[in-house]
Amino acid sequence: MNDAFVDIDLHDMTTDEARIEINRALKAVSKFTYQIRLIHGYNRGTKIKEMISKEFKNNKLVKRIIPGDNQGVTILVLRELY
C-alpha cells in the first residue's frame, strides 16, 4: 500500500475479522501513508469501533485515533500532515 490515504471497508465483518484486516493493513502500509480510514458502519459497526479504540490506541504505528466525517468511520493517523 503506497497510497497516502488508505480506505478499508469493514462492513459485514466480525470484530475478529476486522482486527485481522486492520493488522494486515498496518503491516502493508508504506512510510508515505498518513491515514487509514476504517469504514465500519454506524449501527452494526459499534462493536468494531469500540475494538479499534481499545486495541489500536497503543499500537506503535498509530499516532492517534480520530473520528471520521460520520459516526460510521474511524481514522488511524499514522503520520501528521504538516
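Modeller: Before we start, one cut-off: a residue is buried under 20% relative accessible area, exposed over 50%, and partly exposed in between. Also, keep in mind that this is a predicted model.

Biologist: Fine. Is R37 buried, exposed or partly exposed?

Modeller: The relative accessible area of R37 is 26%. Buried would need a value under 20%, and exposed would need one over 50%. So R37 counts as partly exposed.

Biologist: Which residue forms a salt bridge with R37, with the closest N and O atoms 3.3 Å apart?

Modeller: General idea first: side chains of opposite charge can pair when their charged atoms come close. R37 is in strand β2 and its partner is in strand β1, 30 residues apart, so the pair links distant parts of the chain. That partner has 49% relative accessibility and counts as partly exposed. With the closest N and O atoms 3.3 Å apart, the salt bridge of R37 is to D7.

Biologist: What about the strands themselves: how many bridges join β1 to β2?

Modeller: β1 covers residues 5–9, and β1 and β2 run parallel. One facing pair is I8 in β1, opposite L38 in β2. The number of bridges joining the two strands is five.

Biologist: And which hand does the β-α-β crossover from β1 to β2 have?

Modeller: From β1, the chain passes through helix α1, residues 15–28, and then arrives at β2. Judged by that path, the crossover is right-handed.

Biologist: Which residue in β4 does I39 stand opposite?

Modeller: Strand β4 spans residues 73–77 and pairs with β2 in the antiparallel sense, over five bridges. As for β2, residues 35–39, four of its five residues are buried. Opposite I39, in β4, stands V73.

Biologist: On to α1. What is its reach from first C-alpha to last?

Modeller: Helix α1 has 14 residues. At 1.5 Å a residue you'd expect 20 Å, and the model comes close to that. From its first C-alpha to its last, α1 reaches 20 Å.

Biologist: Within what arc do the buried residues of α1 fall, seen down the axis?

Modeller: The buried residues in α1 are A18, I22, A25 and L26. They line one face of the helix, and they pack against β1, β2, α2 and β4. On the face turned away from that buried side sit the exposed residues I20 and K27. Seen down the axis, the buried residues of α1 fall within an arc of 100°.

Biologist: Then α2: which residues are exposed on its other side?

Modeller: Start with the buried ones in α2: I48, M51 and I52. They cover an arc of only 100° around the axis, which puts them on the same side of α2. Their cover includes α1, β2, β3 and β4. On the other side of α2, the exposed residues are K47, E50 and K54.

Biologist: How far apart in space are T15 and M51, C-alpha to C-alpha?

Modeller: T15 sits in helix α1 and is partly exposed, at 26% relative accessibility. Leaving aside neighbours within four places in sequence, T15 is in contact with K47, I48 and M51. T15 and M51 are 36 residues apart in sequence, yet their C-alpha to C-alpha distance is 7.0 Å.

Biologist: Which residue meets the side chain of R19 in a salt bridge at 2.6 Å, N to O?

Modeller: R19 is partly exposed at 21%, and the partner we want is partly exposed too, at 45%. The two are three residues apart in α1, so about one helical turn separates them. At 2.6 Å, N to O, the side chain of R19 meets that of D16.

Biologist: And which one meets R19 at 2.5 Å, N to O?

Modeller: This partner lies in helix α2, residues 46–55, while R19 is in α1, so the pair ties together parts that are 36 residues apart in sequence. Its relative accessibility is 37%, which counts as partly exposed. The residue meeting R19 at 2.5 Å is E55.

Biologist: Last one: which residues do salt bridges that share partners join into one network?

Modeller: By the rule used here, the count comes to six salt bridges. One of them is the pair of R37 and D7. Through shared partners, the residues in one network are D7, R37 and D69.

Technical notes. Residues numbered from 1 in each chain as written. Predicted model: local features only at pLDDT ≥ 70, side-chain atom pairs only at ≥ 80, totals over all residues. Heavy atoms only, no water. Buried < 20%, exposed > 50% of the residue type's maximum accessible area, 1.4 Å probe, protein only. Pairing = 2+ DSSP bridges. Right-handed = clockwise from strand over helix to strand, strands pointing away. Contact = heavy atoms within 4.5 Å. Salt bridge = Lys/Arg side-chain N within 4 Å of Asp/Glu carboxyl O. Expected span 1.5 Å × (residues − 1). Arc of directions from axis to C-beta.
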